[in-house]
Each structure stands twice: as structure tokens, then as C-alpha cells.
Amino acid sequence: SKDCMRGDLFVAIKGLKLNGNDFVFDAARQGAIAVISEDQMPENFSLPWLQVKNARRALAQAAAIVYFHPSRELKLVGVTGTNGKTTTVYLIDSILKAAFGRSAMLTTIANRIAEIEQEATRTTGEASDTQKFLRKAVTAGCRAAAMEVSSHAIDLHRADLLEFDSVVFTNLTQDHLDYHKNMEDYFQVKRRLFDGSLSTEKAKAAINIDCSYGRRLTEVFDGEIFTYGLNREAKVYTTEHKLSLDGLFLKVETPVGSFEAKSSLVGRPHIYNILAATSSALSLGIELEKIAAGIESLRAVPGRFERVPLEEEFTVVVDYAHTDDALKNVLETARQLVTGRIICLFGCGGDRDKSKRPLMGKAAAEGSDLVIITSDNPRSEDPEQIIDQAEVGVKLGNKNYYKIIDRREAIQFAIDQAKPGDLIVVAGKGHENYQILKNETLHFDDKEVVIEAVRARHLAARR
């Protein structure tokens, strides 16, 4: 309500913590001219009151009307899945720029229209925010846009009335079970982007069929599907790939021909992201030459197996991995690229799915030589209890490990343990430059702290 301005329509939504209906009088004082709500109009309220069955659905409908359905004027791509959404959107955006010039993107990291970028506050914004953003993109001359579509966004109607030209499924692994009842419920929410529940009548699909959930989606999608994977069963697949710490090379086969691409992205999971982006681009009718150019022009994605610039005989990468599957993939990538030890530092977020904590611990133990369990964003929970729950899984891997609650101290310890040829994976926060504690949010950037820790190591060595 505090953001209401004169002439605005206030939608009173019942959230997880607050009820918008408690603030309708505040919104009126701020200048709102009408209210949409699931409740009846309170006594002594003088503004027009539109009572609806579902306020979130109504918000999406109203926003699409107010901003004149901007997705109808763009080639819009929506990417969903547990892991790989952000990188895939960055890749698609890079291809869209190569093909159409100006583009826009909405991701967990940042929202950008042409060259103007701002930090994102959530993976997928409210319907009103997204419709407003897309209208600005159209006004700025963008012809295409790509966005992440989270399961929360689908379930809370944030993606309603978006008319996608291409929808992409990356994979589905355990996450968000603090919100969804179980994995099947999680999948059924994702499915809505493909089964006709949303405005996807004109959409084509890019689906990972190496994932069992992806194969299920191919059975419910009515439009044209560009399947992708690492084997020839898929329409888009790779016949050859090479990995290094400097990036990857791959040959891609498609229904309209083959091409070779070099990428600065590091690690096997990015092969899937590139195949996903390629499949989506093909569904939009983009030429192979433009696809290859877009892939090669993307230099990096913040916090996704991102090397910290150091002049050391060991390597440090930061990664956003915060599920057991993502952490497993990151550590497998690390193992393929170095001859020394793998040191894994990770934590688990507070007020989130607790069942994945031991699974992440087990993945860390099985995929590395030394494990350091520390804090991530503990939020309202006791960080020591979170660490203890992750420790259960680490013990299953019979691994020597350390528990250091303070993340800064943990990173310093990891740096001090490094030997020539080692690779340190600092996992969980990736691009984030903050840490959320119980009563405050602190500035905390893993890359900055790593650099400070290396300097401290050198100073200690000189003493």
C-alpha cells in the first residue's frame, strides 16, 4: 500500500505473512482509486470495490489489460526447471540479441532491457511487475525477451496472461518441498506451463528428454517440440564436446543442420543449458549462424561456476548450487578439470526445504576430498542446527569435514588449506552479495571474501 500513487488500482492479496485487505484504507489515503479483493467491502469504505474469486488471477488479468498485453508484441521465451534456468535465459538472451538486436530478460540475478540493467528481487516478479517490464521493453524497441518462470510464479498466477512463443523445460530435482507437498506436486505445477493451463496457445517447446519428467511433458504438450539431450534420441544433441577450465567446445546436431560452438561457460551442465537455448532458438526460427554467435558472445553468468580472478596455483570458483543435484553436478565438473583435491564449502538456506540438507551434505562428501559446512542465509533459523542437519549427510560419505558457522572464517579456512592443483568450490550463494541473518541483512559477496582471504594468507606467510 505504501507504493500506491494517485490513480492506482490496489489489489488486496492474502500473502503468506500479511493480508493486503488490512491495508486498503492506507492504499486509499495514498491515492488508490479502486480495490480488487476476494473479501467483501469493509464498512465506511468509499472507493469502488471489485470482489473476485482469486485476487492473484485477477491481478494478472488486470495487469495484462492495463499494459495492453505487451507479450503479444514480443517473441517471449519462458524457461522453467529446477537447475539451469538462469544460465539458459542468459544464453537465450545472447542469441536473441544476435538475431534481433535489442532484447530483454528477467532472471534471478538481474532484469535488463537493452543495455539498462537492475538487480532482481525474486526469480519471477508479480504479474503486474512483469507486464509493466515487458511494456517498457516494447517501448524501448525490444523485439524479443526471455524470462525465468519459477514454480512459485506458476502456482501464484504470476505467469498468467503471458503469451509465450517458446517454453523451455530444463530438469526437475528435489527443491522447494517447503512449499510443494512432494515431487509430484512440484511437477504438476511445472506442467501447467506446457499442458495448456496458461496462455501458451502459440508456443513451441524445448524439453530435456534425458530427464524423466521432461519425457512426461512431451506427452501433454500439443505444439511442436524440440527435444534435446546427450543422445541421438533427441532432435537436438551433441556429437562431441570438450571441457576445460577455460570453457567448452561442442558440436551440435539439429533438425536443420549442425554447427560448432565455443563457450566460455565451464562444466558439463552447461552443455545442457546450451542445448536448451539452441532448441528454444530453433523453435523461434532463428538461424544456426545466429545461434552459434549468441552462444560464443556470452562471456559469463554471475555466480555460475564463476572463477575468482586469482594469481595462485590453486583455483577458486563460486556457484549458486543450493540443491543436492546442482552441487553434485558442480563437483563432478570440478573433478573433470583439475588434478588436485576438491575442497567443497557449502551451506543450506534457512526457512527453506529442510529435507534437502542431508542430501546436500551427502553430495558434498561424495564429490569432494574435503568438506567445510558453514552458514548460507540462515534467516530466522539457528545456523548451528542447519549445519547439524547437513552434517548427517556428510557423515554418510565417510569424509573428513569441518563445521565453521561463520562463513567468512570458513572461506579463510578453505583458502588456507589449498595446495597447488586444488580447486575450491564455494557453493550456495553464487551471485548474491548479501547474507540474510535472523535480524539483519549484511553485505557479503563470496568473491570479495575469497580475494580478502587470499591476501590474508599471503600476509600470514610473510610473517
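These legends describe close-up views of a predicted model.

**View 1. An open sheet of six strands.** The strand order is S15-S16-S20-S17-S18-S19, and the pairing is mixed. Strand S15 (306-307) and strand S19 (401-403) are the edge strands. Each of these two pairs on one side only. At one end of the order, strand S18 (residues 370-373) runs parallel to S19, and three bridges join the pair. One contact to pick out is Ile373, whose bridge partner in S19 is Lys403. Strands of a sheet pair through backbone hydrogen bonds, in either the parallel or the antiparallel sense.

**View 2. Helices H10 and H11 against the sheet.** Helix H10 (residues 324-337) lies across three strands: S16 (315-319), S17 (342-346) and S20 (423-427). The angle between H10 and S17 is about 155°. Helix H11 (residues 356-367) also packs on the sheet. H11 touches S17 and S18, and its direction makes about 165° with that of S17.

**View 3. A salt bridge from helix H10 to a loop.** Arg335 and Asp369 form a salt bridge, with their closest N and O atoms 3.1 Å apart. Arg335 sits in helix H10, while Asp369 sits in the loop between H11 and S18. The two residues are 34 residues apart, and the pair links distant parts of the chain. Are these partners buried or partly exposed? Arg335 is partly exposed, at 37% relative accessibility. Asp369 is partly exposed too, with a relative accessible area of 32%.

**View 4. Strands S5, S6 and S7.** Strand S5 (residues 103-106) and S6 pair in the antiparallel sense, through three bridges. They form a hairpin with three residues between them. Within this pairing, Leu106 has Asn111 of S6 as its bridge partner. S6 is also joined to strand S7 (residues 116-119), by four bridges and again antiparallel. Here Ile113 has Ile116 of S7 as its bridge partner. The hairpin of S6 and S7 has two residues between the strands. In that hairpin, Ala114 takes a positive phi near 55°.

**View 5. The two faces of strand S6.** Which residues of S6 (residues 110-113) point which way? Ala110 and Arg112 point one way, and Asn111 and Ile113 point the other way. All four are buried. Ile113 also belongs to a nonpolar core of 38 residues, described in View 7.

**View 6. A salt-bridge network around Arg112.** Asp93, Lys97, Arg112 and Glu117 are linked in a network of salt bridges. Within it, the side chains of Arg112 and Glu117 meet at 3.9 Å, N to O. Arg112 has a relative accessible area of 8%, under the 20% cut-off, so it counts as buried. Glu117 is partly exposed, with a relative accessible area of 48%. The whole structure holds 32 salt bridges.

**View 7. Two nonpolar cores.** The largest nonpolar core has 41 residues. Ile92, Leu96, Phe259, Ile286 and Ile291 have the most contacts inside this core. Among the elements that each supply at least two of its residues are helix H3 (85-100), strand S14 (257-263) and helix H9 (288-297). Helix H8 gives the largest share, eight residues. Ile286 shows how such contacts gather around one side chain. Leaving aside neighbours within four places in sequence, Ile286 is in contact with Ile95, Leu96, Ala99, Phe100, Ala281 and Ile291. A second, separate core has 38 residues, including Ile113, Phe164, Tyr213 and Ala234. In soluble globular proteins, nonpolar side chains tend to be buried together.

**View 8. A salt bridge between Lys251 and Glu260.** The closest N and O atoms of Glu260 and Lys251 are 3.8 Å apart, and the two residues form a salt bridge. Glu260 counts as partly exposed, at 46% relative accessibility. Lys251 is partly exposed as well, with a relative accessible area of 29%.

**View 9. Cysteines without disulfides.** How many disulfides does the whole structure have? A search finds zero. Cys348 is in no disulfide. The nearest cysteine sulfur to Cys348 is that of Cys344, 10 Å away. A disulfide needs two cysteine sulfur atoms within 2.5 Å, so Cys348 and Cys344 do not qualify. Cys348 is buried, with a relative accessible area of 5%. Cys4 is buried as well, with a relative accessible area of 10%.

Conventions. Residues numbered from 1 in each chain as written. Predicted model: local features only at pLDDT ≥ 70, side-chain atom pairs only at ≥ 80, totals over all residues. Heavy atoms only, no water. Pairing = 2+ DSSP bridges. Contact = heavy atoms within 4.5 Å. Axes fitted to C-alpha atoms, helices over the stretch in contact; angles between N-to-C directions. Buried < 20%, exposed > 50% of the residue type's maximum accessible area, 1.4 Å probe, protein only. Salt bridge = Lys/Arg side-chain N within 4 Å of Asp/Glu carboxyl O. Core = buried A, V, L, I, M, F, W, Y, C linked by side-chain atoms within 4.5 Å.
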